[in-house]
Amino acid sequence: MIQQSPPKKIKWGIIGLGKIAHSFATDLSTIDDAELYAVASRNQEKADEFAEKHGAAKAYGSYEDLANDPNIDAVYIATPHALHKENALMCLENGIAVLGEKPFAMNAEEVDAMIAKAKEKNVLLMEALWTYFLPHYQFVLKELKNKTYGDILKIESDFGFQRPYDTKTRLFNKAMGGGSLLDIGIYPIFATLSTLGLPKNIEASATFFKNATDSSSTMIFNYDNHVKAYLKSSFLEVLPTEAIFYCEKGTIKINTQFHAPTTVTIIADGKEETKDFGYNTIGYNFETIHFNNLYKAGKTESDIMTFEFSKQLIQTLDDVRKIINLEY
(Lines give C-alpha, C1' and ligand atoms only; values in the text may rest on other atoms or scores of the structure.)
Protein backbone atom coordinates (compact mmCIF):
# COMPACT_ATOMS: atom_id res chain seq x y z
CA MET A 1 0.00 0.00 0.00
CA ILE A 2 1.37 3.40 -0.99
CA GLN A 3 1.75 5.80 1.92
CA GLN A 4 0.30 9.20 1.14
CA SER A 5 2.36 12.12 2.37
CA PRO A 6 0.50 14.62 4.55
CA PRO A 7 -0.78 17.73 2.76
CA LYS A 8 1.59 20.67 2.72
CA LYS A 9 0.96 23.07 5.54
CA ILE A 10 0.46 26.70 4.60
CA LYS A 11 3.10 28.74 6.39
CA TRP A 12 1.46 31.78 7.99
CA GLY A 13 2.93 35.02 9.22
CA ILE A 14 1.26 37.62 11.45
CA ILE A 15 2.04 41.33 11.29
CA GLY A 16 0.88 43.31 14.33
CA LEU A 17 0.71 41.38 17.59
CA GLY A 18 -2.19 42.82 19.58
CA LYS A 19 -5.24 41.14 21.10
CA ILE A 20 -6.82 40.06 17.80
CA ALA A 21 -3.53 38.51 16.64
CA HIS A 22 -3.48 36.32 19.77
CA SER A 23 -7.02 35.11 18.98
CA PHE A 24 -6.11 34.45 15.36
CA ALA A 25 -2.99 32.50 16.34
CA THR A 26 -4.95 30.44 18.87
CA ASP A 27 -7.49 29.37 16.23
CA LEU A 28 -4.79 28.86 13.58
CA SER A 29 -3.39 26.07 15.75
CA THR A 30 -6.67 24.15 15.30
CA ILE A 31 -6.34 24.03 11.49
CA ASP A 32 -4.65 20.93 10.04
CA ASP A 33 -3.20 22.49 6.88
CA ALA A 34 -1.80 25.62 8.55
CA GLU A 35 1.12 26.49 10.76
CA LEU A 36 2.18 29.72 12.37
CA TYR A 37 5.67 30.17 10.93
CA ALA A 38 6.58 33.80 11.67
CA VAL A 39 5.37 36.84 13.60
CA ALA A 40 6.42 40.48 13.44
CA SER A 41 6.22 43.44 15.77
CA ARG A 42 8.09 46.73 15.83
CA ASN A 43 9.30 45.52 19.23
CA GLN A 44 11.60 42.47 19.12
CA GLU A 45 10.84 41.49 22.71
CA LYS A 46 7.11 41.50 22.00
CA ALA A 47 7.67 39.38 18.87
CA ASP A 48 9.79 36.90 20.83
CA GLU A 49 7.15 36.56 23.55
CA PHE A 50 4.34 36.07 21.01
CA ALA A 51 6.35 33.50 19.04
CA GLU A 52 7.13 31.53 22.19
CA LYS A 53 3.51 31.55 23.35
CA HIS A 54 2.11 30.41 19.99
CA GLY A 55 4.96 28.23 18.71
CA ALA A 56 6.13 30.34 15.77
CA ALA A 57 9.53 29.44 14.33
CA LYS A 58 10.50 33.03 13.53
CA ALA A 59 10.07 36.29 15.43
CA TYR A 60 10.88 39.52 13.63
CA GLY A 61 11.41 42.98 15.09
CA SER A 62 10.20 44.68 11.91
CA TYR A 63 7.34 44.14 9.49
CA GLU A 64 9.71 44.43 6.54
CA ASP A 65 11.82 41.48 7.72
CA LEU A 66 8.76 39.25 7.81
CA ALA A 67 7.62 40.40 4.36
CA ASN A 68 11.06 39.51 3.00
CA ASP A 69 11.02 35.95 4.37
CA PRO A 70 10.70 33.69 1.27
CA ASN A 71 9.24 30.82 3.31
CA ILE A 72 5.97 32.57 4.14
CA ASP A 73 2.91 31.67 2.07
CA ALA A 74 0.28 33.89 3.67
CA VAL A 75 0.15 36.74 6.16
CA TYR A 76 -2.52 37.99 8.53
CA ILE A 77 -2.34 41.77 8.94
CA ALA A 78 -3.56 42.87 12.37
CA THR A 79 -1.93 46.28 12.65
CA PRO A 80 -3.93 49.50 13.36
CA HIS A 81 -6.27 50.58 10.55
CA ALA A 82 -4.01 53.32 9.20
CA LEU A 83 -1.23 50.81 8.46
CA HIS A 84 -3.30 48.21 6.58
CA LYS A 85 -2.65 49.53 3.08
CA GLU A 86 1.10 49.97 3.59
CA ASN A 87 1.50 46.51 5.14
CA ALA A 88 -0.66 44.78 2.53
CA LEU A 89 1.14 46.35 -0.43
CA MET A 90 4.50 45.36 1.04
CA CYS A 91 3.47 41.71 1.33
CA LEU A 92 1.67 41.55 -2.02
CA GLU A 93 4.71 43.00 -3.74
CA ASN A 94 6.68 40.01 -2.43
CA GLY A 95 4.08 37.48 -3.59
CA ILE A 96 2.67 36.75 -0.13
CA ALA A 97 -1.09 36.11 0.08
CA VAL A 98 -2.78 38.65 2.38
CA LEU A 99 -5.65 38.27 4.82
CA GLY A 100 -6.16 41.85 6.01
CA GLU A 101 -8.08 42.72 9.15
CA LYS A 102 -11.13 44.93 8.82
CA PRO A 103 -11.56 47.72 7.93
CA PHE A 104 -9.55 46.71 4.86
CA ALA A 105 -7.95 50.18 4.81
CA MET A 106 -8.78 53.77 5.71
CA ASN A 107 -10.80 54.67 2.62
CA ALA A 108 -11.91 53.47 -0.81
CA GLU A 109 -8.85 54.88 -2.56
CA GLU A 110 -6.54 52.78 -0.39
CA VAL A 111 -8.64 49.64 -0.90
CA ASP A 112 -8.58 50.18 -4.67
CA ALA A 113 -4.77 50.39 -4.55
CA MET A 114 -4.55 47.11 -2.61
CA ILE A 115 -6.85 45.30 -5.01
CA ALA A 116 -4.95 46.67 -8.01
CA LYS A 117 -1.65 45.40 -6.56
CA ALA A 118 -3.14 41.95 -5.85
CA LYS A 119 -4.34 41.72 -9.45
CA GLU A 120 -1.01 42.96 -10.81
CA LYS A 121 0.91 40.34 -8.80
CA ASN A 122 -1.78 37.64 -9.21
CA VAL A 123 -1.76 37.06 -5.45
CA LEU A 124 -4.65 36.17 -3.13
CA LEU A 125 -6.05 39.09 -1.12
CA MET A 126 -9.07 39.05 1.21
CA GLU A 127 -10.56 41.28 3.89
CA ALA A 128 -10.70 39.48 7.23
CA LEU A 129 -14.27 40.21 8.22
CA TRP A 130 -14.66 37.04 10.26
CA THR A 131 -18.41 37.40 10.86
CA TYR A 132 -19.19 36.58 7.23
CA PHE A 133 -17.78 33.07 7.67
CA LEU A 134 -19.27 32.14 11.04
CA PRO A 135 -21.86 29.33 10.82
CA HIS A 136 -24.56 31.26 12.66
CA TYR A 137 -24.23 34.19 10.24
CA GLN A 138 -24.21 31.91 7.21
CA PHE A 139 -27.39 30.30 8.56
CA VAL A 140 -29.09 33.69 8.87
CA LEU A 141 -27.98 34.72 5.38
CA LYS A 142 -29.47 31.53 3.96
CA GLU A 143 -32.79 32.03 5.78
CA LEU A 144 -33.02 35.61 4.54
CA LYS A 145 -31.99 34.76 0.98
CA ASN A 146 -34.56 31.95 0.84
CA LYS A 147 -37.18 34.35 2.27
CA THR A 148 -38.18 31.73 4.82
CA TYR A 149 -40.00 34.48 6.72
CA GLY A 150 -40.67 36.75 3.75
CA ASP A 151 -38.94 39.98 2.82
CA ILE A 152 -36.98 42.08 5.31
CA LEU A 153 -39.02 45.06 6.52
CA LYS A 154 -36.55 46.54 8.99
CA ILE A 155 -33.09 45.94 10.46
CA GLU A 156 -31.88 47.09 13.86
CA SER A 157 -28.22 46.55 14.66
CA ASP A 158 -25.73 48.14 17.02
CA PHE A 159 -22.37 47.65 18.67
CA GLY A 160 -21.35 49.53 21.79
CA PHE A 161 -19.12 49.35 24.84
CA GLN A 162 -17.55 51.78 27.28
CA ARG A 163 -13.85 52.52 27.42
CA PRO A 164 -12.02 55.24 29.35
CA TYR A 165 -10.90 57.96 26.96
CA ASP A 166 -7.18 57.48 26.37
CA THR A 167 -5.52 58.73 23.19
CA LYS A 168 -2.53 56.45 23.81
CA THR A 169 -4.69 53.46 22.90
CA ARG A 170 -5.55 52.55 19.31
CA LEU A 171 -9.31 52.99 19.79
CA PHE A 172 -9.00 56.72 20.43
CA ASN A 173 -5.91 57.50 18.36
CA LYS A 174 -7.06 59.46 15.33
CA ALA A 175 -3.77 58.99 13.48
CA MET A 176 -4.33 55.22 13.68
CA GLY A 177 -7.94 55.39 12.47
CA GLY A 178 -9.51 55.41 15.92
CA GLY A 179 -13.17 56.05 16.66
CA SER A 180 -16.31 53.95 16.89
CA LEU A 181 -17.33 53.99 13.22
CA LEU A 182 -14.32 52.27 11.66
CA ASP A 183 -13.66 49.97 14.60
CA ILE A 184 -17.13 48.65 15.48
CA GLY A 185 -19.66 50.59 13.37
CA ILE A 186 -18.42 48.52 10.44
CA TYR A 187 -20.24 45.48 11.86
CA PRO A 188 -23.83 46.84 11.83
CA ILE A 189 -23.09 48.31 8.39
CA PHE A 190 -21.78 44.92 7.23
CA ALA A 191 -24.91 43.19 8.55
CA THR A 192 -27.04 45.54 6.47
CA LEU A 193 -25.03 45.49 3.23
CA SER A 194 -24.73 41.69 3.29
CA THR A 195 -28.51 41.31 3.53
CA LEU A 196 -30.10 44.36 1.88
CA GLY A 197 -27.27 45.61 -0.31
CA LEU A 198 -26.42 49.27 -0.83
CA PRO A 199 -29.00 51.79 0.44
CA LYS A 200 -30.72 54.44 -1.65
CA ASN A 201 -29.54 57.07 0.79
CA ILE A 202 -28.06 57.43 4.26
CA GLU A 203 -28.89 59.64 7.23
CA ALA A 204 -26.21 59.89 9.91
CA SER A 205 -25.10 61.84 12.95
CA ALA A 206 -22.26 61.50 15.44
CA THR A 207 -20.78 62.67 18.71
CA PHE A 208 -17.06 63.33 19.05
CA PHE A 209 -14.27 63.20 21.58
CA LYS A 210 -12.13 66.31 22.03
CA ASN A 211 -9.51 64.94 19.59
CA ALA A 212 -12.23 64.70 16.86
CA THR A 213 -12.54 60.91 16.79
CA ASP A 214 -16.18 59.83 16.80
CA SER A 215 -17.41 58.62 20.17
CA SER A 216 -20.69 57.38 18.68
CA SER A 217 -22.31 57.18 15.26
CA THR A 218 -26.00 56.77 14.49
CA MET A 219 -27.17 55.85 11.01
CA ILE A 220 -30.37 55.18 9.08
CA PHE A 221 -30.05 53.37 5.74
CA ASN A 222 -33.07 53.93 3.50
CA TYR A 223 -34.21 51.38 0.90
CA ASP A 224 -37.12 51.00 -1.49
CA ASN A 225 -40.63 50.23 -0.15
CA HIS A 226 -39.91 52.12 3.10
CA VAL A 227 -37.46 49.48 4.30
CA LYS A 228 -34.98 50.94 6.77
CA ALA A 229 -31.92 49.86 8.74
CA TYR A 230 -31.29 51.58 12.09
CA LEU A 231 -27.62 51.28 13.03
CA LYS A 232 -25.42 52.56 15.85
CA SER A 233 -21.89 52.30 17.19
CA SER A 234 -20.64 53.73 20.48
CA PHE A 235 -17.68 53.89 22.84
CA LEU A 236 -19.88 55.73 25.36
CA GLU A 237 -22.41 53.06 26.34
CA VAL A 238 -22.95 49.34 26.44
CA LEU A 239 -25.38 48.49 23.63
CA PRO A 240 -27.18 45.15 23.04
CA THR A 241 -24.80 44.40 20.12
CA GLU A 242 -27.47 42.41 18.32
CA ALA A 243 -28.60 42.26 14.71
CA ILE A 244 -32.38 41.97 14.36
CA PHE A 245 -34.07 41.29 11.03
CA TYR A 246 -37.81 42.03 11.10
CA CYS A 247 -39.43 40.13 8.24
CA GLU A 248 -42.99 39.80 6.93
CA LYS A 249 -43.68 36.51 8.72
CA GLY A 250 -41.20 36.47 11.54
CA THR A 251 -38.13 37.95 13.20
CA ILE A 252 -34.57 36.66 13.16
CA LYS A 253 -32.39 37.95 15.99
CA ILE A 254 -28.66 37.34 16.15
CA ASN A 255 -28.00 37.56 19.86
CA THR A 256 -25.19 39.43 21.58
CA GLN A 257 -22.36 39.62 20.41
CA PHE A 258 -23.82 39.20 16.93
CA HIS A 259 -20.49 39.68 15.13
CA ALA A 260 -18.85 36.82 17.07
CA PRO A 261 -19.82 33.17 17.72
CA THR A 262 -23.28 33.31 19.31
CA THR A 263 -26.87 32.05 19.06
CA VAL A 264 -29.78 32.94 16.80
CA THR A 265 -33.37 33.37 18.00
CA ILE A 266 -36.28 33.00 15.58
CA ILE A 267 -39.69 34.37 16.50
CA ALA A 268 -42.47 33.20 14.17
CA ASP A 269 -45.97 31.67 14.35
CA GLY A 270 -46.23 32.62 18.00
CA LYS A 271 -43.15 30.56 18.87
CA GLU A 272 -39.63 31.47 19.90
CA GLU A 273 -36.73 29.14 19.18
CA THR A 274 -33.03 29.72 19.87
CA LYS A 275 -30.44 27.87 17.83
CA ASP A 276 -27.02 27.10 19.33
CA PHE A 277 -24.22 26.52 16.83
CA GLY A 278 -21.87 24.77 19.23
CA TYR A 279 -18.72 26.81 18.73
CA ASN A 280 -15.58 25.40 20.31
CA THR A 281 -13.12 27.97 18.93
CA ILE A 282 -12.87 31.74 19.17
CA GLY A 283 -14.17 31.85 15.59
CA TYR A 284 -11.24 33.02 13.49
CA ASN A 285 -10.70 29.53 12.10
CA PHE A 286 -13.67 29.73 9.72
CA GLU A 287 -12.34 32.66 7.64
CA THR A 288 -8.86 31.10 7.73
CA ILE A 289 -10.04 27.71 6.47
CA HIS A 290 -11.85 29.50 3.62
CA PHE A 291 -8.69 31.47 2.84
CA ASN A 292 -6.51 28.33 2.93
CA ASN A 293 -8.86 26.59 0.49
CA LEU A 294 -8.66 29.57 -1.88
CA TYR A 295 -4.88 29.55 -1.62
CA LYS A 296 -4.58 25.83 -2.35
CA ALA A 297 -6.93 26.18 -5.32
CA GLY A 298 -4.82 28.98 -6.79
CA LYS A 299 -7.60 31.56 -6.38
CA THR A 300 -6.81 35.24 -6.02
CA GLU A 301 -10.20 36.44 -4.74
CA SER A 302 -12.82 35.12 -2.33
CA ASP A 303 -16.25 34.22 -3.67
CA ILE A 304 -17.76 35.26 -0.31
CA MET A 305 -15.77 38.32 0.78
CA THR A 306 -15.38 39.55 -2.78
CA PHE A 307 -13.42 42.61 -3.88
CA GLU A 308 -16.71 44.22 -4.90
CA PHE A 309 -18.20 43.72 -1.45
CA SER A 310 -15.10 45.10 0.27
CA LYS A 311 -15.28 48.13 -2.03
CA GLN A 312 -18.97 48.65 -1.22
CA LEU A 313 -18.26 48.36 2.50
CA ILE A 314 -15.42 50.89 2.55
CA GLN A 315 -17.30 53.26 0.23
CA THR A 316 -20.29 53.16 2.60
CA LEU A 317 -17.99 53.97 5.52
CA ASP A 318 -16.58 56.84 3.44
CA ASP A 319 -20.12 58.07 2.74
CA VAL A 320 -21.04 58.02 6.43
CA ARG A 321 -17.81 59.81 7.34
CA LYS A 322 -18.60 62.53 4.84
CA ILE A 323 -22.09 63.05 6.32
CA ILE A 324 -20.81 63.29 9.91
CA ASN A 325 -17.73 65.35 8.90
CA LEU A 326 -15.23 62.78 10.15
CA GLU A 327 -11.89 63.23 8.44
CA TYR A 328 -8.60 61.39 8.89
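Two helices count as roughly parallel when the angle between them is under 35 degrees. Keep that cut-off at hand for the first exercise. The model is predicted.

**Exercise 1. Classify how helix α1 and helix α2 lie against each other, and name the residues that meet.**

Step 1. Locate the helices. Helix α1 covers residues 19-28, and helix α2 covers residues 44-54.

Step 2. Take the geometry. The two axes come within 10 Å and cross at roughly 25°.

Step 3. Apply the cut-off. Angles under 35 degrees count as roughly parallel. Therefore α1 and α2 are roughly parallel to each other.

Step 4. Add the handedness. The crossing of α1 past α2 is right-handed.

Step 5. List the contact. From α1 come A21, H22, A25 and T26; they meet F50, K53 and H54 of α2.

Step 6. Sort by class. The contact of α1 with α2 holds three nonpolar residues, three polar ones and one charged.

**Exercise 2. Work out the strand order of the six-stranded sheet, and find its edges.**

Step 1. Recall the principle. Strands of a sheet pair through backbone hydrogen bonds, either parallel or antiparallel.

Step 2. Read across the sheet. The order is β3-β2-β1-β4-β5-β6, the sheet is open, and the pairing is parallel.

Step 3. Pick out the edges. β3 (58-60) and β6 (125-128) each pair on one side only, and these are the edge strands.

Step 4. Check the twist. On average, neighbouring strands here are turned by 25° against each other, direction ignored.

Step 5. Look at one pair. Strand β2, residues 34-40, runs parallel to β3, and three bridges join them. At one position, A40 of β2 faces Y60 in β3.

**Exercise 3. Trace the pairing of strand β12 with β11 and with β13, then say whether β12 is mostly covered or not.**

Step 1. Start with β11. Strand β11 spans residues 243-247 and is joined to β12 by five bridges. These two strands run antiparallel.

Step 2. Find a partner. Y246 has T251 in β12 as its bridge partner.

Step 3. Name the motif. β11 and β12 make a hairpin, with two residues between them.

Step 4. Move on to β13. Strand β13 (residues 263-268) pairs with β12 over four bridges, again in the antiparallel sense. Here K253 stands opposite T265 in β13.

Step 5. Judge the cover. Buried means under 20% relative accessible area. In β12 (residues 250-254), four of the five residues are buried. The strand is mostly covered.

Methods:
Residues are numbered from 1 along each chain as its sequence is written. This is a predicted model: local features need pLDDT of at least 70, side-chain atom pairs count only at pLDDT 80 or more; totals for chains, interfaces and linings use all residues. Side-chain values use heavy atoms; hydrogens and water are left out. Two strands pair if DSSP finds at least two bridges between them. Axes are lines fitted to C-alpha atoms, for helices over the stretch in contact, and angles run from 0 to 180 degrees between N-to-C directions. Angles under 35 degrees count as roughly parallel, over 145 as roughly antiparallel, 65 to 115 as roughly perpendicular and the rest as oblique. A crossing is left-handed if the near helix is turned anticlockwise from the far one by less than a right angle, and right-handed if clockwise. Contact means heavy atoms within 4.5 Å. Ala, Val, Leu, Ile, Met, Phe, Trp, Tyr, Cys and Pro count as nonpolar, Asp, Glu, Lys and Arg as charged, and the others, Gly among them, as polar. Buried means under 20% relative accessible area, exposed over 50%, partly exposed in between (1.4 Å probe, protein chains only).
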